[in-house]
Number of protein chains: 2
Amino acid sequence: MAKEKVNVGLIGFGTIGTGVVRLFKDSAALINRKAGIKVELKKICDIDVERDRGVEIDKALLTNDADEVLNDPEIDIVIELIGGYKHALDFVMRAMENKKSIVTANKAMISRYWESLEESASKNDVDIMAEASVAGGIPILRSTDKGLAANKIDRIMAILNGTANYILTRMSKAQISFDEALKEAQQKGFAEADPTLDIEGFDSMHKIVILSTIAFHRRVREEEVYVEGIRDVEYMDIQFARQFGYVMKLLAIAEKNDGELNVRVHPTFLGNRHLLTSVDYEYNAVAVRGDAVGDTLFYGKGAGEMPTASAVMSDVIFLARNIVSGKEKNPYSSKKNEELRIKEIGDIESKYYMRFTVADKAGVLSEISGALGKYNISIESMIQKGRNAKESVPVVIMCYESREEDVKKALEEIDKLDITRKKTVVYRVID
Amino acid sequence: MAKEKVNVGLIGFGTIGTGVVRLFKDSAALINRKAGIKVELKKICDIDVERDRGVEIDKALLTNDADEVLNDPEIDIVIELIGGYKHALDFVMRAMENKKSIVTANKAMISRYWESLEESASKNDVDIMAEASVAGGIPILRSTDKGLAANKIDRIMAILNGTANYILTRMSKAQISFDEALKEAQQKGFAEADPTLDIEGFDSMHKIVILSTIAFHRRVREEEVYVEGIRDVEYMDIQFARQFGYVMKLLAIAEKNDGELNVRVHPTFLGNRHLLTSVDYEYNAVAVRGDAVGDTLFYGKGAGEMPTASAVMSDVIFLARNIVSGKEKNPYSSKKNEELRIKEIGDIESKYYMRFTVADKAGVLSEISGALGKYNISIESMIQKGRNAKESVPVVIMCYESREEDVKKALEEIDKLDITRKKTVVYRVID
């Protein structure tokens, strides 16, 4: 008997959940046409079923009992939008055991529990899709996996966290401190009350884990990713780097080289002409380089109610089509692994920005350049500001491509010198 | 009996065909893994089977008889890369009648014969895919149709022709004439010996026909698209516009407004901060705006052997997967039409750049502004250069949003004035 409609259950009626409900209401005709079948929202589960979300719904759809979604035999697809690990993982696993396919925006869950999720999906012959988990509304998982399917990808470079990007953009444009920019971002709804995941780089890490696992056909694990956040970024460095023509971005990078993969998240000074440099405020962008296609860039809003709901719904439509017209299996997988060793952060090569805080006296530069030279680090340019200042002066050096381990050792030596007044600040630089 | 492999026949062994053959050779493992089945190139058809394309192939694959591809019952997918209308259409139709699915890069054919192709595909229960036909390696059809599936799209703005973009970029950066830039583009292989399709805007027209048909769920026909090329662009105007902060691009635009769709291709002065302004040389980019996702941008190489082959092969992989695992029907269609009237070019509103060539005497500006004012066209800024020149001087005016029909009428009047020495040059402007 031909199916007449596809039923969807939603767990998590927060910001993105509200966006999803809005799309079901406002774009029903479009969604049904694209899916080739009527797609209906049958149940909405949340702890809070009272709060007015500003979207009109039939009260009968609401429940605070997840079982009403998980155990409803008529529900084909469960959208999980509660986030985090604990309940989310339990709900998703139980939904799959009940033969429901999953759409989720939960990057933390996928990043950590991919194998278990995949195993359950395979065992129960259902799909789990997560376009919304990386770069919000940008269809980047689909594009990487399908659109660039014939490419050996060798590099992904991305701005994946709108909060961090908003803060860095404001620091740079408004010439304000990290704390001021964070406060502003919180007031405007671009940062959460507890911004740890965003500003410490963990959210970007979850996303690059997912994206690089798909792009490189190798399960990348969280502990294999080097992560450095932006909490300690000082406006002073943004200002100095601007004089060399650089802008700071929190980048997530996955690079393949000679059978080795390096995956990392860190604040980076990007050259003025780099594609990602003009990606400002809450926007995200992903630059993917493939052997056939060359450089590509995908740009759009990385978060927010409607952009993320757009991605969630694209997965719902995909699954609904497959329920109707046969079955294309889960479009991406952590399996089919290539033998790719992880390259440690110490082994990467990069240009570096260094700010030394040193005594204001003759001979300082010679000591610094001596220590750098000892580790084969060549200076490209230098700025020495505010001579005759009180106690100490900043000396800023941009150096040519060097091995990270060498830079680390050189700076350890320099930080122990008598002339050094504060720990040296260092950032990676990409032209 | 489970199928053991999918066989592919290639018709057209030119530049892109060579790229496709290269991918079959160099990326076989990747392609088979992605497709979930062995995908084999079984026949290559071209008029010229002798020429060395720099890629090693088994001579037994080569034929100059298309029937050997079209009538081979073992071939599942035919890649058509000969371009143009005549033979291509015939081959594709016959292949479909023989139950073969099609992958093509032939924008001219799809743009003109979409309904017939679609009808035959449906009748024969096969698919026809054309990711490579728009924006080369950028997976824009897939992204628009699937990635942004839940969006009501209201605007597409795109740089879709690498030749035209290369010429305009070189004119601007090297301060050279159109003819010089074209010659250079031809020498570097970015323009063909007969560049008509590219520089007159017809290639962009074919592409925006395809893209807007998919995005707006309405078959857009070639004759409904306003087309203006770049052959008459003078360096002088690029230079003047730069002083106002604008850069010239050949844009393809599809805009939906109040139930009306306007589709057009024309040279445009774009503001410095516009997303498309920094898309230079042979690169393409497509900005898509959806109600849920907001602004997105997709960027990459729009032409060339490997980028285009990358798109062709993504379709081959998609079709091969479907042959194995069931059937998701053709991802995009010209049917399911919305009732969208076409808005004529005269009814659009835009800012305009105008260069008048007038007698060098007092009162000229008053005559011009009088005629503009009569049609409710307000001047935003003005440059009057080279006073006391010989016969005539250029007067450049940027005006606020006006209706195109009014602009046309005003310029017709101005061009008849005694003070006017040459036909006025006019370009649309987007901030």
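In strand 3 of chain B of this predicted model, B:Leu62 is the bridge partner of B:Ile44. Strand 2 of chain B, which spans residues 38–45, runs parallel to strand 3 of chain B and is joined to that strand by 2 bridges. Both strands belong to an open sheet of 6 strands in chain B, arranged in the order 3-2-1-4-5-6 with parallel pairing. Because strand 3 (62–63) and strand 6 (128–129) of chain B stand at the edges of the sheet, each with a single partner strand, one side of each is left without a neighbour in the sheet.

In chain A, strand 11 (residues 283–290) takes part in antiparallel pairing with two strands, namely strand 7 and strand 12. The pairing between strand 7 (residues 153–159) of chain A and strand 11 of chain A extends over 6 bridges, and within it A:Ile153 has A:Gly290 of strand 11 as its bridge partner. Strand 12 (residues 294–301) of chain A pairs with strand 11 of chain A over 8 bridges, with A:Tyr299 of strand 12 serving as the bridge partner of A:Ala285; these two strands of chain A form a hairpin in which 3 residues lie between them.

Strand 11 of chain A is also mostly covered, as 8 of its 8 residues are buried. In a regular strand, side chains alternate between the two faces of the sheet. For strand 11 of chain A, both faces are covered, with A:Tyr283, A:Ala285, A:Ala287 and A:Arg289 buried on one side, and A:Asn284, A:Val286, A:Val288 and A:Gly290 buried on the other.

Conventions: Residues are numbered from 1 along each chain as its sequence is written. Chains are lettered from A and ligands numbered from 1 in the order in which they are written. This is a predicted model: local features need pLDDT of at least 70, side-chain atom pairs count only at pLDDT 80 or more; totals for chains, interfaces and linings use all residues. Two strands pair if DSSP finds at least two bridges between them. Helices (H or I, at least four residues) and strands (E, at least two) are DSSP runs, numbered from the N terminus. A residue is buried if 20 or more other C-beta atoms lie within 10 Å of its own, exposed if 12 or fewer, and partly exposed in between; C-beta atoms are placed from the backbone.
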